[in-house]
Amino acid sequence: MTINIPLFKIYEDDEDIGAITSVIKRGNNWANGNEILEFEEKISEYIGTEYALTFNSGTSAMHALLLANGISQGDEVIVPSFTFIATANAPLFVKAKPVFAEIEDKTYGLDPEDLKERITLKTKAIIPVHYAGCPCLIKEIKEIAEDYNLFLFEDAAESFGGKVKNQMVGSFGDAGILSFCQNKIITTGEGGAIVTNSKELYEKLKLIRSHGRLETQDYFASSENMDYVTLGYNFRMSTIAAALGISQIKKVNKIIEMRRNKAAYMTERLSQIEGISLPQTAHDFYHVYQMYSIRVDENIRDSLIKYLSEKGISTKVYFPPIHLTKFYQNDFGYTLGQLPITEKLSNQFLSLPIFPTLTELEMDYIIEEIDNYLGDRDERGTRR
């Protein structure tokens, strides 16, 4: 029997529906209601920072963060190639240059040693990524940023709730960006946020987020003529999205615990199958499993994807290297072999379905089909 299993499902309940409905029914303040500030307060309280500011996406948040810190033409920003493309594109938005560094093979974040080799006099910032819900080696990277007097902007888009000991990711650097896209730990459909302890940065970001407008009151409810003091964008989150965010964040610990329980079950069962490398974390790293990514031999990875698809199991490669996309090859001259570790690891990765309501029946089916495929091979790796 074939069971159709998606890569992810959004965790939702009646409270989410009620939160959105209440905003819609009141007939006003869909774009700038009190729920936005409330959601921001809940985010900052949860992450443990002084400030949080919501945006219409994590990509907009990263764009605004680079603008607010004066990153511009001639500057270099070190990023991994093993991430979603927005991490690398953000420096291009402000005419800076993304510089790719290798990842390490434990957390799959930036390799601190290789990172140091990429720093030049033009380097202004580092953007480490906390991959798939697992904190990267952020303490080591923070030391490097401090030694070289560089901005440290954490890309925590995939790791809301992840932490090292008792400190949340996103709170180690000058600022952290979060994403609430539909496949994230909590979601507003689309949406993002920046967390920081800098009041100066917070005030700059408020201007950039809303057309450079100096808002002393609610723009939509006031007759006051508000001034525009800098170039800005429309990066605002809607009230409807913020209301959903409030409802979602109230149950974030429950959602994370459900994900961790599913991941623990998958890991225990998959560990009995030869030929698979499973997610691993240091004892003081708290993984929230926004994705559940395994590694298999690169010679069979793509055929395994095809086999699982035929069995109704959705999978995805997170992530193909950014530097090997057509855009980066054509416009910046990147070629195969420039980041050999990233390329090798990426060719082995496969993300399996993971979501809070994934059932034991579904997990058993996934595991059994992987076992069937990997077990049905001869010594040369050819399928019998």
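**Exercise 1. A residue and its surroundings**

Leaving aside its neighbours within four places in sequence, with which residues is threonine 239 in contact?

*Solution.* Start with the ground rules. This is a predicted model, where local features need pLDDT of at least 70, side-chain atom pairs count only at pLDDT 80 or more, and totals for chains, interfaces and linings use all residues. Residues are numbered from 1 along each chain as its sequence is written, and side-chain values use heavy atoms, with hydrogens and water left out.

Step 1. Contact means heavy atoms within 4.5 Å. Setting aside neighbours within four places in sequence, threonine 239 touches Val23, Arg26, Asn29, Trp30, Ala31, Asn32, Gly33, Glu35 and Ile36.

Step 2. Place the residue. Threonine 239 belongs to helix α8 (residues 239–250). Helices (H or I, at least four residues) and strands (E, at least two) are DSSP runs, numbered from the N terminus.

Step 3. Check its cover. Buried means under 20% relative accessible area, exposed over 50%, and partly exposed in between (1.4 Å probe, protein chains only). Threonine 239 has 0% relative accessibility, so it counts as buried.

**Exercise 2. The whole protein**

Describe the protein by its elements, its extent and its surface.

*Solution.*

Step 1. Count the elements. The protein has 13 helices and 12 strands.

Step 2. Test the extent. The radius of gyration is 22 Å, close to the 21 Å that the globule rule gives for 384 residues, so the protein is as compact as a globular protein of that length. This radius is taken over C-alpha atoms, and the rule is 2.2 Å times the number of residues to the power 0.38. Along the principal axes, the C-alpha atoms fill a box of roughly 75 × 55 × 40 Å.

Step 3. Look at burial and contacts. Of the 384 residues, 55% count as buried. Among contacts between residues at least 6 apart in sequence, 70% join residues at least 24 apart.

Step 4. Turn to the surface. The accessible surface is about 17,300 Å², and 48% of that belongs to carbon and sulfur atoms. Accessible areas come from the Shrake-Rupley method with a 1.4 Å probe; for residues, only the protein chains shown count as cover.

**Exercise 3. Helix α4 and the parallel strands**

Trace what packs against helix α4, then follow the strand pairs.

*Solution.*

Step 1. Begin with the helix. Six of the eight residues of α4 (residues 86–93) are buried. They are Ala86, Thr87, Ala88, Asn89, Ala90 and Pro91.

Step 2. Name the partners. These buried residues pack against α3 (58–68), β2 (76–80), β3 (97–101), β5 (151–155) and α11 (326–332).

Step 3. Pair the strands. Two strands pair if DSSP finds at least two bridges between them. β2 and β3 run parallel, joined by five bridges. In this pair, proline 80 stands opposite alanine 101. Three bridges join β2 to β4 (residues 123–126), also parallel. Here isoleucine 78 faces isoleucine 126. β4 is joined to β5 by two bridges, again parallel. Alanine 125 stands opposite phenylalanine 151 of β5.

Step 4. Judge the cover of β3. Four of its five residues are buried, so β3 is largely enclosed by the rest of the structure.

**Exercise 4. An open antiparallel sheet**

In which order do the three strands of the open sheet stand?

*Solution.*

Step 1. The order is β7-β6-β10, with antiparallel pairing.

Step 2. Find the edges. β7 (167–168) and β10 (285–286) each have a single partner strand, so one side of each is left without a neighbour in the sheet.

Step 3. Zoom in on one pair. Two bridges join β6 (residues 163–164) to β7. Lysine 163 stands opposite methionine 168 in β7.

**Exercise 5. Unusual backbone**

Locate residues whose backbone departs from the common pattern.

*Solution.*

Step 1. Recall the rule. Most residues other than glycine have a negative phi, and most peptide bonds are trans.

Step 2. Check phi. Just after α4, lysine 95 has a positive phi of about 70 degrees. Histidine 211 has a positive phi of about 65 degrees; this residue lies in the loop between α7 (199–209) and α8. With 34% relative accessibility, histidine 211 counts as partly exposed. Tyrosine 289 has a positive phi near 55 degrees and sits in the loop between β10 and β11 (292–295). Tyrosine 289 is buried, at 11%.

Step 3. Check omega. A cis peptide bond, with omega about 10 degrees, joins tyrosine 318 and phenylalanine 319. Phenylalanine 319 lies in the loop between α10 (301–310) and α11.
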